[in-house]
Amino acid sequence: MLAGGCSSASSGPEAPPSAAAGPAAAGSGSGPASPSAGASRPRVTPLEPLPAAVPAALASYYGQRLAWQPCDEGFECATFRVPLDYDHPAGGDLVLAAVRVRAEPVEPGAPGASGVSKGPEGSVGSGRRLGSLLLNPGGPGGSAVDYVKAVAGTYDSGVRARYDLVGLDPRGVGRSSPVTCLSNQRMDAYTAVDTTPDDQAETDALVAADKEFAEGCEERAGAELGHLGTVEAARDMDVLRALLGDERLNYVGKSYGTFLGATYAGLFPTRTGRMVLDGAMDPSLDSLDGNLTQAGGFETAWAAFAKDCAKHEDCPLGRTEQQVGEQLTALFKSLDTQPLVTPDSGRLLTESRATTGVIQAMYADFLWPDLRAALAEAKAGDGTGLLKLSDSYYGRRPDGSYPNLMFANTAVNCLDLPAPFTGPAEAQQAVPAFERTSPHFGRDMAWMALTCTYWPVKATGAAHTVRAAGAPPIVVVGTTRDPATPYAWAQSLAGQLQSGHLLTYDGDGHTAYGRQNACVDDAVNAYLLRGGPPEKGKRCGG
């Protein structure tokens, strides 16, 4: 089954989608209201900025010195302390991990001195250093340390010449006091649980799995579990900003990273620098609305895949978009009663794992050929391809081990927003609305939203708007057929931000910057180098 959480990113510039690309529909929420057409949404309040002065109780944290040490080739690593609880900083610390690659000035005209960085004010090698650029790949739960190591070399040479690229694993993630919940064996079982229960026994099994997950997190994480929210992670970024010697935080965030970045801007608008929020989340949505709209995002992405699949001779599901959709439904139904064996691993391809595999392939259209091949295998009785896609979603390694991605994902989301349902009866009541929004994935995503119902720590956040009054221009990038962060979310966030500027990519896949669209990349790189946002209403084609 899909672990709880807001959306996460695994798109450019970076490695192919992996487990860090998970749907938001899996767990957070806001209140037990059942979805209904035309229902009024509760009023949300804006996120208020923190005082500009650093509190005296936090002075020791802001006064640390980073001891950078060589780690991998060309990279430096460091750790620093932050308070477990910013409201009670004497109550203990967490240790966070960061990585950086230093700026690499390039002489004008040298090989690689290309792209928008050739502009008159942003020429490679001709401008002053602009400080640090923090990168976050999303999740929550994606390791920014691993991300920076993977993608630093793909960044525009002009950007690399002017910025140190920095990755900070947020609290509870990766190398930063990581939270864990289940053994590898139990995580395998968790991913196989039926998320479309047909009777009371299957419903009870789903509830039991969610409870086991929550109890495992509580047992292993202890007090830390109550302090993994996005507001606290944003405050950690401000500590790192100060330790890096930057007056303002420059930032590129993907997917959930946009929520983290927008939270930072809302809390610290006068310390916000050049900020790119790509694949934006909408902080004004409770998770019931968020999960519903995201289910629609995956349905939109599926429709694009189905239309494309029908054009290919190797499409195993039919020759029209309708046939492709009907055959997928039939495959899921078959797997619900008779899972497939995967010959090499001996593990079963269940309906839930197959759904996860299909969802994983929605994140990037370059995975569509893999999905066609995996669906053909499944129709022939071999679940290997879809299981491989499902494992990629969760980050399952060849040796059967898991990263802490999904543990952190659920822990953060269950703190950021209250659970949408008080129990399985409300989840069942919501199924029709989810199925209307997404005939292929809606039922799963309704039941996946049950995860936080059994969370042992009460949510500390709520839906809100982010105005970030006084911040410089902030660029919000939205992709029209983004599965995990629907385009409407980018429109909403750009509208909430006092200085928001929307850049639209008319295309498929999750996020846009660094995915080989020159129009998007040039606009973002120009902004990072010169500070001027794209012109109002700018759109880039696929």
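Here is a short conversation about a predicted model and the terms used for its parts.

Visitor: What should I know before we start?
Guide: In this predicted model, local features need pLDDT of at least 70 and side-chain atom pairs count only at pLDDT 80 or more, while totals for chains, interfaces and linings use all residues. Residues are numbered from 1 along each chain as its sequence is written, and side-chain values use heavy atoms, with hydrogens and water left out.

Visitor: Why are β5 and β6 called paired strands?
Guide: Two strands pair if DSSP finds at least two bridges between them. Strands are DSSP runs of E with at least two residues, and helices are runs of H or I with at least four, numbered from the N terminus. Five bridges join β5 (residues 131–136) to β6 (residues 163–168), so β5 and β6 count as paired. Among the partners are S132 and, in β6, D164.

Visitor: What makes β2 and β14 edge strands?
Guide: The open sheet has 10 strands, in the order β2-β3-β4-β6-β5-β7-β8-β12-β13-β14. β2 (69–70) and β14 (539–541) each pair on one side only.

Visitor: Which residues of α9 are buried?
Guide: V324, G325, L328, L331, F332 and L335 are buried; the word means under 20% relative accessible area, with exposed over 50% and partly exposed in between (1.4 Å probe, protein chains only). On the other side of α9, Q322, K333 and T337 are exposed.

Visitor: Why do the buried residues of α9 line one face?
Guide: Seen down the axis of α9, they fall within an arc of 120 degrees, so they line one face of the helix. The arc is that of the directions from the helix axis to the C-beta atoms.

Visitor: Why is α11 called oblique to α12?
Guide: Their axes come within 6 Å and cross at roughly 130 degrees. Axes are lines fitted to C-alpha atoms, for helices over the stretch in contact (heavy atoms within 4.5 Å), and angles run from 0 to 180 degrees between N-to-C directions. Under 35 degrees counts as roughly parallel, over 145 as roughly antiparallel, 65 to 115 as roughly perpendicular and the rest as oblique. That makes α11 oblique to α12.

Visitor: How do you know that S255 is buried or exposed?
Guide: S255 has a relative accessible area of 0%, so S255 is buried. S255 is in the loop between β7 and α7 (256–267), and has a positive phi of about 55 degrees although it is not a glycine.
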